[in-house]
Amino acid sequence: MDSLPHVFLVSFPGQGHINPMLRLGKKLAVSGLLVTFSTTAYLGREMKNAGTISDAPTPLGCGFLRFEFFDDGRIEDSTTATTLSFDQYMPQLQRIGSISLLHILKNQTKENRPAVSCVIGNPFVPWVCDVADHLGIASAVFWVQSCAVFSIYYHHFNGSIPFPSETQPNVDVQLPSLPVLKHDEIPNFLLPNNPLHAIGKAILGQFLNLSKPFCILIDTFEELEGEMVDFMSKTFPIKTVGPLFKNCSETETRISGDCLRIDHCMEWLDSKPKGSVVYVSFGSVVYLKQEQVDEIAYGLVNSGFYFLWVLKPPASSFGVKRHALPNEV
């Protein structure tokens with residue numbers, strides 16, 4: 001392990017960011033690198049409590065995967081919790097996280113590990129590239145969505161194409177290499193009146209810093225988005241690395257970024273015939289209307305199929321109501 005190139009991955013503390021970033025880390029380790037995966041200490045504790053990661057470096061293929069977590073100033077115990085809005089949390093994450101990450105990166109050799117050769121961050125943590133640049137370490141960005149979505153955000157940030165606004169909310173969007181997108185077909189975070197509009201602002205902030213990374217890694221592949229990749233490669237040094245969810249070994253599968261234990265549902269799943277269960281999940285950020293939740297519930301119950309529906313309560317920092325299932329279901 002001491003002689004391997006060392007790559008340090010830094011993920012925003014969200015399940016939809018952790019999962020693809022960890023898949024990337026596994027693939028890099030298998031190819032013969034020492035990979036350190038990092039997110040906030042709070043999420044790191046949840047991952048450890050869920051029993052999905054190990055404290056010791058795990059051999060994968062020709063390399064190793066290890067975990068080390070940075071401080072974001074979040075304090076939570078069994079009785080109290082500090083809850084911030086998204087707009088309040090993001091500056092705190094940058095202020096405290098950048099200092100903690102800087103310390104961790106500088107101390108790798110003191111901890112008898114190879115110095116970090118490359119730092120890879122993802123959207124919501126554009127300051128990671130600043131930390132790497134300060135230490136003279138090469139950096140890259142891992143975009144966890146499609147190249148088409150990357151193009152949508154870039155053109156919105158660049159202001160070169162009209163997008164829906166408060167004064168013109170029904171504007172259709174025409175992007176190069178994409179069909180015309182209706183006003184309600186673009187990412188919800190870019191809609192002016194969306195309750196989670198602040199998340200869109202955070203994603204757009206990534207584009208302020210894209211002159212520093214030497215490449216943009218995207219979880220897609222040429223056969224799926226060849227035309228779009230070619231077009232965006234004229235502006236950014238894009239490299240496709242997907243689909244990352246395929247071809248995992250048994251050891252890779254055991255290492256998970258899950259923050260919740262799944263033991264309680266595995267016995268039920270194992271009791272059902274193969275391919276007989278419908279799985280429904282919209283992630284931890286998407287917020288559906290109550291009417292949509294009702295219709296999904298009726299549809300699942302009336303389908304006659306077994307189903308497993310992950311319906312987590314929204315984070316209190318989002319300021320939206322918790323969903324309720326219809327009484328008849």
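This is a short tour of a predicted model, going from the whole chain down to one residue and its neighbours.

**Stop 1: the whole protein**

Start with everything shown as a cartoon. You should find 10 helices and 10 strands. The radius of gyration is 21 Å, close to the 20 Å that the globule rule gives for 329 residues, so the protein is as compact as a globular protein of that length. Turn the C-alpha trace around: along its principal axes it spans about 60 × 55 × 45 Å.

Now switch on the surface. The protein exposes about 17400 Å², and carbon and sulfur atoms supply 53% of that area. Colour the charged side chains next, and you will have 25 positive and 32 negative ones. The centres of these two sets lie 5 Å apart.

How much of the protein is buried? Buried residues make up 45% of the 329. Many contacts also link distant parts of the sequence: among those between residues at least 6 apart, 69% join residues at least 24 apart.

**Stop 2: helix H4**

Select residues 127-134, which form helix H4. Show the side chains of Trp-127, Val-128, Cys-129, Val-131 and Ala-132, the buried residues of this helix. What do they pack against? Their partners are strand E1 (6-10), helix H3 (86-106), strand E5 (116-121) and strand E6 (138-143). Before you leave, click on Gly-136, which follows H4 and has a positive phi, near 75°.

**Stop 3: strands E1 and E2**

One of those partners, E1, is our next selection. Add strand E2, residues 34-38. The two strands run parallel and are joined by 5 bridges.

Is E2 mostly covered or mostly open? It is mostly covered, with 5 of its 5 residues buried. In a regular strand the side chains alternate between the two faces of the sheet. Look along E2 to see this: Leu-34, Thr-36 and Ser-38 point one way, while Val-35 and Phe-37 point the other way. Residues on both sides of E2 are buried.

**Stop 4: Leu-9**

Finish by zooming in on Leu-9, which lies in E1. Leu-9 is buried, with a relative accessible area of 0%. Across from it in E2 stands Phe-37.

Which residues does Leu-9 touch? Leaving out residues up to four places away in sequence, its contacts are Met-21, Gly-25, Leu-28, Val-35, Thr-36, Phe-37, Ser-38 and Ile-120. For a last look, pick Leu-9 together with Ala-140: they are 131 residues apart in sequence, and their C-alpha atoms are 9.5 Å apart in space.

Note on methods: Residues numbered from 1 in each chain as written. Predicted model: local features only at pLDDT ≥ 70, side-chain atom pairs only at ≥ 80, totals over all residues. Heavy atoms only, no water. Helix = DSSP H or I, 4+ residues; strand = E, 2+ residues; numbered from the N terminus. Rg over C-alpha atoms; globule rule 2.2 N^0.38 Å. Buried < 20%, exposed > 50% of the residue type's maximum accessible area, 1.4 Å probe, protein only. Contact = heavy atoms within 4.5 Å. Areas by Shrake-Rupley, 256 points an atom, 1.4 Å probe, with all protein chains shown as cover. Lys, Arg positive; Asp, Glu negative; His and termini not counted. Charge placed at Lys NZ, Arg CZ, Asp CG, Glu CD. Pairing = 2+ DSSP bridges.
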